[in-house]
Amino acid sequence: VRRPFELRSVLRAVAPGGLTLLLAAGSLAVIGPGLVSHSRHFGGSGKTTLLAQPAPPSQKRRTELPGLEFVHPLEGPVHISGSFGEYRKFSRYHHGLDYKTFNRNGLTVRTPLAGVVERVHVSKRGYGNGLFLLSPGGIRTTYGHLNDFLCPGTAGTPRSELEDLRRAIEFLTYGRGVFIKIPPWFRFQSGECIARSGESGSGAPHLHFEVQKNGRYIDPLFLRGMEIPDTTAPTMLSLYIEDARGVQRLPVRLRPVSTDSPSPGSVPSAPPEQSDQSTSDARRELRPVRSYYALEPDARLEWQPGKWVRYMVGGYDTMAARNRNGVQTLALSVGGRQSFRHELDAILHRDLARSGRVYHTARTVIGREYVYLLYDGSRNPGFPHRGDEPIRVILGDASGNEAVFEGVLPAGPGAIQEETANSDEGRPRAKLQTVFAGRGANLEQISARGAMKIRFEPRSLHEDARAGLSVGEALSSAARKSVRIPPPRQSRPGISAAAPEANQRTQESPVFQLEGPVFRLEGRDLFYRNGARAEAWFQTESAEAAGTVALYMFNETVGRWLLVAYPYREADGRAYYRFPFRYEGSLAQLRDLSPPRILQPSLWAPPTLYNENKNEIVREFMVIDRGSGFSRANTQVLLDGRPMPFQWIPDRATLQVRLPPALIPGRGVLLSIRAADHSGNRSPWLFDFIAAPSR
Ligand SMILES: [Zn+2]
């Protein structure tokens, strides 16, 4: 900080609870109990000297903002948990990078460029504690979810005034949150510590980082010095084909067939006379990897070639952290001609809420499978396709690695009938009606055992769409696999429930029991902007279901049941639901039958972890639950038989117990854990013996 923060006037604010805040001449005095709510921070790595290895550029690599040299805002090996251009709900893009901090707070955040703090964000939501830095040339960088604006060794020094300002703002706004422009009081050099990472705002601990110039957000991975070595090609999972009649309802699954990885011989090794290791490393060319995909052998295609055909592709990319992120490049060629190419390396400010033009919002499941349109915007009719021409689809990442599908897509009316006969038995097709983006529409279905209403309000969708809701008894064969279906009810002849033998065919024990009818929302061009609102009630079939049911959707993209909502009211054998909705697929009320599982920490983590100051032993247990999800309230954690407080970290599905070593007697202690889900299923007790630490 080059200039001290001066605030000559004295501000006096009386906060709720009678707290008095005085802010005078840069010094902050707070009178009152329990004032500054520090979030936890430990494991700070200010001393870490490991640096991200810069990736040698591949042949086609571009550099944004050439002539400038950047550094990653976190020191140490770089792990990305959220990539640039990724789909976020409500049709938004993620327009920065998320740096993983592995559940640690308090890591040093440094500035990649010299600059002055332009804006400060102080809130319990969104960016949380965020800083916006303006650098020469109009480049703006953003740092989100910070723990505080302190740096190691700066507490109580003039450099802590940025943190004093943050606390003052927090008190003056009663924690309601502000985003304010401040005078140029705080200047930073390139690579200087500006704050500490945290988990303020939203989500698990991580650092959110953005780069913007002239209203154009840039993928930081394209800045010099911020490349990340990545030799894993994206993964391609499925294709969707849309002929004149609409989208093929089930994705066409793909399988990997081969990979062109740079063989050891193909990497140019340094000539013998160059003995300097760093020089040879820098000169080694990191060749992009290409993986090839083909149709699954039993893929059934439900389409007819015609004048115009539209394609979509599902997949994801991983970088060092193994999180499933969005990809960077999309390309399609039909019959050898390039038809479509889109790069997600920069996004204009005015397009931030228009990711529905690149992603299929009703089929994308964040963090699992991203479904991309291989045409430009929802109004585009697609591309001519005679049917016998091969298509080539490419998903690429920022390092130039690619997943490639190449092939001819067989088609014909026979394929459609086969599909119908095999997996669509008893499923009513909805009559599609037009949903006008500007006017909306209501879809409603009522049966004796349940009802559902989906309201598309004005501006729910990007464009006009077609959608229909049906009600029936049957599930698709994929959806049926994990569901026990009660036998057909005698009182309702003529309605055939899904064949019970379908369950016996699969050897896995059912995760769910179906409780009520199945609703199915089908759509064409269903590109959500805000999502629809829905209400439903379901009758429950079994007496023991009360208090244990929830509403789920079978997402055909990922082939799984996803939790949609818990009932807000249950009475007289009925459960009532209200929920926002932004998918297509089957909706059913299910009862979760499977208990959660606790993984022994020794299987995946060091048995004893200390925090930074070694004054707490940290034990972590991963809890896996299929179905209704971990319930904190029903879970029991005991230390030598007495209840013990614990943390639940939802993003990592981890239960965490922190023990002061002083609490552990010489004979050690027994930690007992029994995890529960929202439907009341309980895991067996897990016992974990903790020996007294050697002193
Ligand atoms: Zn982020």
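**Entry 1: the disulfide**

I started with a sulfur link: with -95 degrees about the S-S bond, the link of cysteine 151 and cysteine 193 is left-handed. I kept in mind that this is a predicted model. The sulfur atoms of cysteine 151 and cysteine 193 sit 1.9 Å apart. Where along the chain are the two partners? I found cysteine 151 in the loop between strand 11 (139-148) and helix 1, and cysteine 193 in strand 14 (residues 193-197). That puts them 42 residues apart, so I noted a link between distant parts of the chain. Are cysteine 151 and cysteine 193 buried or exposed? Both are buried. I then searched the whole structure for disulfides, and one turned up.

**Entry 2: the zinc ion**

Next I looked up what holds the zinc ion. Which protein atoms are its donors? I got His94 (NE2), Asp98 (OD) and His208 (ND1), at 2.0 to 2.2 Å from the zinc. Along the chain, the donors follow the spacing H-x3-D-x109-H. Histidine 94 belongs to strand 6 (residues 92-94) and histidine 208 to strand 15 (residues 206-213), with their positions 114 residues apart in the numbering. I checked burial too, and both histidine 94 and histidine 208 are buried.

**Entry 3: helix 1**

Back to the helix I had met beside the cysteine 151 loop. Helix 1 covers residues 161-172, which makes 12 residues. From first C-alpha to last it reaches 16 Å, close to the 16 Å expected at 1.5 Å a residue. How many of its residues are buried? I got 11 of the 12, so helix 1 is largely enclosed by the rest of the structure. The buried ones include charged-looking entries on my list such as Glu161, Asp164 and Arg166, along with Leu162, Ile169 and Phe171. After the helix comes tyrosine 174, and its phi is positive, near 55 degrees.

**Entry 4: strand 31 and its partners**

Then I picked strand 31 (residues 450-456). It is mostly covered, with five of its seven residues buried. On one hand I found strand 30 (residues 441-447), paired with strand 31 in the antiparallel sense over seven bridges. A hairpin of two residues joins these strands. I looked up one bridge here: leucine 443 is partnered by isoleucine 454 in strand 31. Strand 31 also pairs with strand 35 (residues 532-539), antiparallel again, through six bridges. In that pairing, glycine 450 stands opposite phenylalanine 538.

**Entry 5: a four-stranded sheet**

What is the strand order in the open sheet of four strands? I read 45-44-48-49, with antiparallel pairing. Strand 45 (642-643) and strand 49 (686-690) are at the edges with a single partner strand each, so one side of each has no neighbour in the sheet. Strand 49 pairs with strand 48 (residues 669-674) over five bridges. Serine 672 faces phenylalanine 687 of strand 49 there.

**Entry 6: empty space and one buried leucine**

Last, I looked for holes. The structure holds eight cavities of 30 Å³ or more. The second largest has about 90 Å³ of space. Its lining counts 13 residues, and the closest to the centre are Ser83, Leu221, Met319, Gln328 and Ala398.

I also checked leucine 395, which lies in strand 27 (residues 391-396). Why does leucine 395 count as buried? Because its relative accessibility is 0%, and the cut-off for buried is under 20%. Its C-alpha is 9.2 Å from that of glycine 314, although leucine 395 and glycine 314 are 81 residues apart in sequence.

Terms used: Residues are numbered from 1 along each chain as its sequence is written. This is a predicted model: local features need pLDDT of at least 70, side-chain atom pairs count only at pLDDT 80 or more; totals for chains, interfaces and linings use all residues. Side-chain values use heavy atoms; hydrogens and water are left out. Donors are N, O and S atoms within 2.8 Å of the metal (3.2 Å for Na, K and Ca); water is not among the atoms, so sites may look incomplete. Buried means under 20% relative accessible area, exposed over 50%, partly exposed in between (1.4 Å probe, protein chains only). The expected span of a helix is 1.5 Å times one less than its number of residues. Two strands pair if DSSP finds at least two bridges between them. A disulfide is a pair of cysteine sulfur atoms within 2.5 Å. On a 1 Å grid over the protein atoms alone, a cavity is a set of points where a 1.4 Å probe fits but cannot get out, and a pocket is an open set with protein on both sides within 12 Å along at least five of seven lines; lining residues have an atom within 4 Å of a point. Grid points are joined across faces, edges and corners, and a volume is the space filled by probe spheres set on the points.
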